[in-house]
Amino acid sequence: MSPTIAVIGATGVQGAAQVRELVLAGFDPVAFSRSGGAVATSAGPVRGIACDLGDVASLKTAFARTDGVFVNLPSTSFQQAEPLIAAAGTIGKAAKAAGVRRIVFNTSMPVPTDKRGFAAQDARHEMRARLWDSDVDTTSIEPVVYLDNLHQRWAWPSIVERGVVCYPHAPELEVSWICHEDLARLMIEALRRDDLHGHRIPVGGPQTVRLPELTAELSAAWGRKLAWESQPIDEFCDRMKRAFDGIATLEAERLIDELRRIYEWYNTSPEKPFKVDMTPVLEILPARMTPIGDWARANPLPA
Ligand SMILES: NC(=O)c1ccc[n+]([C@@H]2O[C@H](COP(=O)([O-])OP(=O)(O)OC[C@H]3O[C@@H](n4cnc5c(N)ncnc54)[C@H](OP(=O)(O)O)[C@@H]3O)[C@@H](O)[C@H]2O)c1
């Protein structure tokens, strides 16, 4: 029988890609979310389970005969962080009680070893600590920027309507863009290992590029000459505020201030938080990686 893997947050775009890749890799994923919606895959819909991330007992029951858990947690920028940090603890306790063998945590963003005073990142730091404390073998996989963001409403209209890749990255910022599928395959490789408990592994895609180079790759793949624009962070924050209007439960000013501060750090930190050398990572997690051009050809511009 194929090992059963619970994917928490499976109805989100990151979790859904993990469900699809788990199916392709021969696992038996189960899609966990609040709604319990199924997830479409190449092998048909994967069954969904409605879960309450505040309830250890019901999660323990839902994890019965589960071999591994992939953890994806939603944004703490747009809703209170504390219940979601507590949810990481609940998942860990329930997994331990149910005899789950491994947890793989997708931090969804770079999370340095120490806290830096950025609320979203610090919340992920806490979630990671709760999962590590659970006493279930847990690996933290920490992606940089998703290529899939280019299809989101804050980036896509400018590409389609103006032919401009407009992103809040400085022209010289080096970014190892990664797609959701590559992240999922790296998580699957982590699931297969028994010696990565307590490890945090920053991951990116197979290429590290600056905005002009990214644009050249996309232009070639999409057969359309695109320009690039390093979007001022203030303008980006305003656009994000409009895009998420109605979703945020936190006050807008604090939210935007947090976004501004973290994007300034991403752009200027000497640590280069968006740059990852994947050579040593792929020795540990030998996943197939997708070049930017291949990703773009698989995700075309509308005709
Ligand atoms: N690195 C990057 O380039 C990048 C890009 C985009 C996002 N992110 C980060 O990725 C994280 C997730 O992003 P997102 O929220 O936009 O993902 P998403 O695709 O909206 O998925 C969120 C998932 O969490 C579930 N969910 C939502 N609210 C919940 C709650 N209160 N309790 C339990 N489950 C809940 C949703 O399902 P149900 O509603 O059905 O429960 C869904 O499955 C965020 O931290 C975000 O900053 C990073």
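**Pocket lining and helix packing**

User: How do the residues lining the second largest pocket divide into nonpolar, polar and charged?
Analyst: The model is predicted, with local features needing pLDDT of at least 70, side-chain atom pairs pLDDT 80 or more, and totals for chains, interfaces and linings using all residues. Residues are numbered from 1 along each chain as its sequence is written, and side-chain values use heavy atoms, without hydrogens or water. Counting Ala, Val, Leu, Ile, Met, Phe, Trp, Tyr, Cys and Pro as nonpolar, Asp, Glu, Lys and Arg as charged, and the others, Gly among them, as polar, the lining has 8 nonpolar, 1 polar and 6 charged residues.

User: What is the volume of the second largest pocket, and which lining residues are closest to its centre?
Analyst: A pocket is an open set of points on a 1 Å grid where a 1.4 Å probe fits, with protein on both sides within 12 Å along at least five of seven lines; lining residues have an atom within 4 Å of a point. The second largest pocket has a volume, the space filled by probe spheres set on the points, of about 190 Å³. Of its 15 lining residues, the closest to the centre are P110, R200, P202, E271 and P273.

User: Are α1 and α6 parallel or oblique to each other?
Analyst: Helix α1 spans residues 13–24 and helix α6 residues 180–192, and their axes are 8 Å apart at an angle of about 60°. Angles under 35 degrees count as roughly parallel, over 145 as roughly antiparallel and 65 to 115 as roughly perpendicular, so α1 is to α6 oblique.

User: What is the relation of α3 to α4?
Analyst: Helix α3 (residues 81–98) packs against helix α4 (residues 119–132) at about 20°, with axes 8 Å apart. The two are therefore roughly parallel.

Technical notes
Axes fitted to C-alpha atoms, helices over the stretch in contact; angles between N-to-C directions. Helix = DSSP H or I, 4+ residues; strand = E, 2+ residues; numbered from the N terminus.
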